[in-house]
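Please read this briefing beside the sequence and the model, taking the topics one at a time. It begins with a pairing in a sheet and then turns to a helical chain and its contacts.

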Amino acid sequence: MDPMLTFLVILIGMYGLSTSKNIIKSVFSVTIIESGVILLFLNLGNWRGGSIPIINGAADIIADPLPQALMITTIVIGSTVTALALMLCIKVFHHYGTVEWREILRRGEGK
Amino acid sequence: MHFIPVYLIFIPVLTALFLYVVKSRHMNWLALVAQALMTVLLVLYYRAFSGNYEDTMIVLGGWNEWIGISLVNDEISVSFMFLSVFSWWMVLIYTFEKGNTNHNFLFFLMFLQGVFLGLLQTNDLFNMFVFMELITILVTILIAFKKTGDAYRAGLFYLLISKVAMMMFLLSIILVYNSFGTINILLVRDAIAATDSLTVVRFSYALFMVAVMVKSAFVPLYAWLPRAHGVAQSGISALLSGLVVKGGLYLFIRLNQMYEFANLNYTDFFYWIGALTAVVGVMFALSQKDMKQILAYHTISQIGIVMMGLSKLHDPDMFIGGFLHIFNHALFKSLLFLGAGVIISAYRTKKVTDIRGVMRTMPFVSIFMIVGMLSITGAPFFNGFISKAIIKYGVIDSGVRYWILFIVNIGTATSFIKMSQIFFGPKTMTIRIRKPLKNLTLMSLAFACVMLGNFYIPISEGFFGFQVRTIDIGTWANFFDYFLALSIGYVFYRFVIAPDPKAVRYIREHKMTFQQANYLFVVMIIVLLTVFVWW
Amino acid sequence: MPDMLEITAYALQVLLIIMAIAIVTHKNTGTIIVLIAVFSLVTASLYVINKAPDVAIAEVAIGSAIIPLIYVISISRQREFIVLDKAMDDFIISDDAFTGVGYIFLKRFTDFYHLELNISNDVRLCSVGRGREQKLCEETNVDLIVSKDEETGKYLLKGKESNILMHKLKQMARDYDAIEVITFKDRDFGD
Amino acid sequence: MIRQGILIVMLLAIFAVFIVSLSDLDQLYQTSADYFREYGAEQTGSNNLVTAILLDYRLFDSLFEAGILLIAVSGIIWISKHDIEEKNARFMLDKFKTPDLFVTFSRLVYPLMLAFGFYIIVNGHVSPGGGFQGGAIVATAILILYYIDAEKETNIGMIVTVEKFLYLTILIIASLSIFTRGTFFTNVFPYDTHGGSNQAIYLVTLNILVGFKVALGLWAIFTAFLKEGR
């Protein structure tokens with residue numbers, strides 16, 4: 001398991017954010033960053049190897065359960081943020097007729 | 001008694017849920033009752049408060065503190081709690097008559113209060129992250145509450161950029177956790193002291209700081225703030241500008257306490273970031289014509305001033321100056337936003353150039369607004385003066401730093417001279433608008449501004465135990481400085497801003513797009529890494 | 001056989017990176033949704049390899065079922081142009097089919113922008129009074145309201161000023177005498 | 001193009017710093033896995049340590065995690081609804097028809113998914129799973145119902161109100177421990193070293209409540225999306 005490869009996923013997401021021209025793609029990029037962060041935490045939690053964090057009889061080395069619990073929280077948070085962003089996105093489209101950031105942010109300003 | 005912090009978090013949350021479930025407009029006074037109860041509890045807590053970490057620490061669930069979540073309070077968080085309860089009082093009273101058919105509004109508002117109080121007290125990094133995300137979502141909803149295109153746009157911008165910032169925050173939590181095996185802030189602080197300042201510690205610090213910089217809108221990551229605060233309802237704008245943005249600054253204080261022993265030389269860097277923020281904020285504010293946009297950009301510039309003070313974490317005078325400015329700014333910015341809300345809803349326009357004759361139409365509102373303007377421009381005997389003066393005395397020896405503060409002062413004066421044009425002119429409105437609750441809010445805020453401007457020493461020392469530098473308020477030099485700033489500001493306004501030259505128009509029409517904001521985000525990470533890792 | 005697992009893990013991580021690049025650079029949003037669902041499945045299998053079955057279950061349930069559905073709905077809503085037909089005559093529907101002048105005009109318009117034309121003549125929506133038309137436009141997703149001006153006999157197409165499509169529609173409607181495009185100004189006040 | 005090039009260079013610089021800090025991390029590396037392995041099952045009565053953390057050690061976080069869902073649901077519904085009295089406007093061109101094969105398949109899968117979801121919720125303390133994950137699976141099962149019958153009417157207000165009540169119940173159950181253990185947000189039943197079957201009752205109850213709450217929340221979210229603009 002290589003944390004470096006996982007970190008690359010985060011960086012790709014950041015690249016996507018800085019280049020994406022429309023809202024939907026920004027939301028996709030945020031999702032990618034989030035998956036990358038989650039995977040990184042789990043990677044590091046299992047860095048020294050181990051078994052699934054469920055105690056069955058003999059206790060041996062286990063993967064760290066704390067990151068796993070935190071990451072479940074993060075997944076739930078991430079999905080709600082995505083849902084909210086997409087709902088706002090629908091509304092923005094019907095107000096401005098486009099999902100391109102540039103057009104949206106320019107409309108109704110600087111007249 | 002021991003569990004008052006927990007009650008303070010859950011009373012607003014439960015009230016919010018109750019109001020949502022009941023859905024009756026007759027139950028809205030319950031929010032005020034809950035607020036009163038919280039005030040009482042907070043005062044009780046304050047009386048028993050000793051300022052000692054051991055006494056205030058609550059480990060929820062009674063677990064080992066390496067594992068469990070703990071709540072902890074110090075002077076800073078308790079004074080922040082007083083400020084937030086006060087701010088919520090103001091906003092609740094201000095919006096009370098308007099929002100009373102709408103249980104949704106109170107639901108989000110009260111929930112936000114509980115979450116904000118949680119953020120102030122938590123001693124756990126991940127818990128902090130959860131609260132920050134909750135605040136992000138709640139603030140997005142409150143921004144979009146008006147359901148106009150502008151509001152959706154601003155909400156979406158804020159939501160996405162905050163989400164990215166919080167992801168960096170989480171990344172940093174990962175590094176901290178895997179380095180020290182805990183995410184309890186106080187324990188991490190001790191653990192950092194025991195290690196050398198390794199790259200991983202510095203890297204995590206840089207990532208934390210970039211998240212904080214987005215959340216508290218430092219230049220160049222401020223792009224979300226003017227949009228969000230400019231389009232929200234005035235009550236919400238007041239709350240966001242006055243208090244919720246300070247959540248980021250609070251994180252700054254807390255995280256810097258955590259990295260206190262990491263041998264990071266951040267003082268100068270954040271001082272200059274603060275100075276840049278102050279200057280750029282004022283520059284944009286000068287070019288705006290929309291009343292709420294002006295106020296929103298001034299929030300940025302005032303945050304810069306706060307930052308100039310807070311960055312000197314080891315210099316008690318400067319730090320207290322910055323900290324006091326958080327309070328002062330919360331008071332006068334809420335006052336200005338709420339007053340602007342009254343004026344805007346009466347005149348049905350936000351353009352400063354279109355509003356005239358407010359003094360004759362709404363004399364009370366105008367007086368309170370003028371108090372707010374005197375405070376923000378730093379007139380002696382008003383609260384803005386005190387904190388600005390403390391910061392000014394801290395940097396009086398070094399020329400450039402002092403002059404930057406003076407330039408910001410002139411800019412602020414110019415911008416509010418421009419805004420004060422709304423008071424002059426003939427009476428244009430004939431309808432009398434009776435809003436006793438709104439006037440009451442404005443009056444209490446104005447009163448607080450004046451009180452804090454004159455009796456800041458008894459309030460901050462006797463009440464919160466901060467040692468504040470004594471300032472001679474009524475000296476001629478202060479008046480001279482103030483009037484000098486005002487007159488330069490007037491000249492500047494008359495001959496540069498009022499004719500609306502091309503440069504001013506260009507600045508006004510310059511709006512940062514989302515890609516640019518993210519690009520600057522990456523640039524900022526690199527800058528922070530350069531400063532804190534490679535140096 | 002620990003090596004086998006390790007090789008799989010590396011392969012999946014490389015796959016993940018390739019998919020992330022594809023998602024970021026791909027133009028077609030429809031393809032991206034499929035990619036993001038698969039991306040989520042790949043991350044879920046990596047979670048299992050990292051000894052985190054709990055997280056994997058959460059990711060599979062949320063990330064590859066509910067979130068893609070929300071994306072699909074959101075994107076399909078962004079491809080439509082909603083028209084409310086209040087005219088109630090042969091402008092849009094003539095002889096119970098979509099052959100009216102207005103329909104052909106609107107169809108040409110939406111085809112040009114690759115949108116889907118969605119026409120409603122819902123009774124409850126159409127009963128909304130003239131004064132509340134702007135509110136209707138702002139609060140619901142209705143992009144365009146078609147109505148007939150009784151005096152001049154012109155067909156009025158009303159939409160939001162802020163909507164970029166309305167500007168295009170205005171340009172296109174210049175050639176038609178019977179059609180007039182009206183835009184609602186943004187209401188610009190604070191509270 | 002130049003901007004993108006600089007961007008890539010900057011991202012690679014961040015990557016370089018990360019690699020350096022990873023080697024530091026290798027020296028420092030600490031986790032709390034040992035603590036949980038040693039005491040986790042014994043203290044909380046849950047063999048699944050992730051559930052132990054979610055429902056006991058860090059219950060406070062989980063409460064606000066559920067709270068985020070609650071807020072987001074209310075927010076999405078608030079944004080999506082409007083004052084104009086109209087429920088399901090029929091669109092002339094809105095023909096949505098699921099293929100028959102898919103409907104049959106969905107009918108088969110739906111009860112299985114639902115049962116699987118419940119299994120995961122109830123057994124959260126002994127095997128992988130728990131309230132949040134199981135709730136999401138139940139929500140997915142309900143989602144399949146929409147494929148079977150696209151015209152399904154749902155009372156979204158009802159769902160949201162029930163969700164709020166469930167959240168209130170979760171809050172109350174979570175804070176009951178003040179009476180038995182003298183502290184907030186932990187297991188109601190006092191700490192017992194042998195067996196721990198009492199503690200399991202609490203875990204299962206809380207898992208079920210959280211599961212239903214999450215399922216209702218996600219259900220409300222996608223119903224809001226399906227109804228959006230209709």
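C:Glu80 has C:Glu116, in S2(C), as its bridge partner. This is a predicted model, in which local features need pLDDT of at least 70 and side-chain atom pairs count only at pLDDT 80 or more, whereas totals for chains, interfaces and linings use all residues. Residues are numbered from 1 along each chain as its sequence is written, and chains are lettered from A and ligands numbered from 1 in the order in which they are written.

**The sheet of chain C**

- Five strands of chain C make up an open sheet of mixed pairing, in the order S2-S1-S3-S4-S5; strands (E, at least two residues) and helices (H or I, at least four) are DSSP runs numbered from the N terminus, and two strands pair if DSSP finds at least two bridges between them.
- The edges of this sheet are strand S2 (116-120) and strand S5 (179-184) of chain C, each of which pairs on one side only.
- From one strand to the next the twist averages 25 degrees, where axes are lines fitted to C-alpha atoms, for helices over the stretch in contact, and angles run from 0 to 180 degrees between N-to-C directions.
- Strand S1 (residues 80-85) of chain C runs parallel to S2(C) and is joined to it by five bridges.
- S3(C) and S4(C), in contrast, are antiparallel and pair over four bridges, with C:Leu157 in S4(C) as the bridge partner of C:Val146.
- Six residues lie between S3(C) and S4(C) in the hairpin that they form, and in its turn C:Gly153 has a positive phi of about 75 degrees.
- S4(C) also pairs with S5(C), in the parallel sense and over six bridges; here C:Lys160 stands opposite C:Phe184 in S5(C).
- Five of the six residues of S4(C) are buried, which leaves the strand mostly covered; a residue is buried if 20 or more other C-beta atoms, placed from the backbone, lie within 10 Å of its own, exposed if 12 or fewer do, and partly exposed in between.
- Helix H4 (residues 101-112) of chain C lies across S1, S2, strand S3 (144-148), strand S4 (155-160) and S5 of chain C, and runs at about 145 degrees to S2(C).

**The fold of chain B**

- Chain B holds 24 helices and two strands, and 61% of its 535 residues count as buried.
- The radius of gyration of chain B is 22 Å, which agrees with the value near 24 Å for a compact globule of 535 residues; the radius is taken over C-alpha atoms, and the globule rule is 2.2 Å times the number of residues to the power 0.38.
- The C-alpha trace of chain B spans about 70 × 60 × 50 Å along its principal axes.

**Helix H15 of chain B**

- The end C-alpha atoms of helix H15 (residues 316-347) of chain B are 45 Å apart, in agreement with the 46 Å expected for its 32 residues at 1.5 Å a residue, the expected span being 1.5 Å times one less than the number of residues.
- Because 28 of its 32 residues are buried, H15(B) is largely enclosed by the rest of the structure.
- B:Arg348, just after H15(B), takes a positive phi of about 55 degrees.

**Where chain B touches chain D**

- In chain B, 43 residues are in contact with 42 residues of chain D, contact meaning that the C-beta atoms of two residues, placed from the backbone, lie within 7 Å.
- H6(B) gives the largest share of the side of chain B that touches chain D, namely nine residues.
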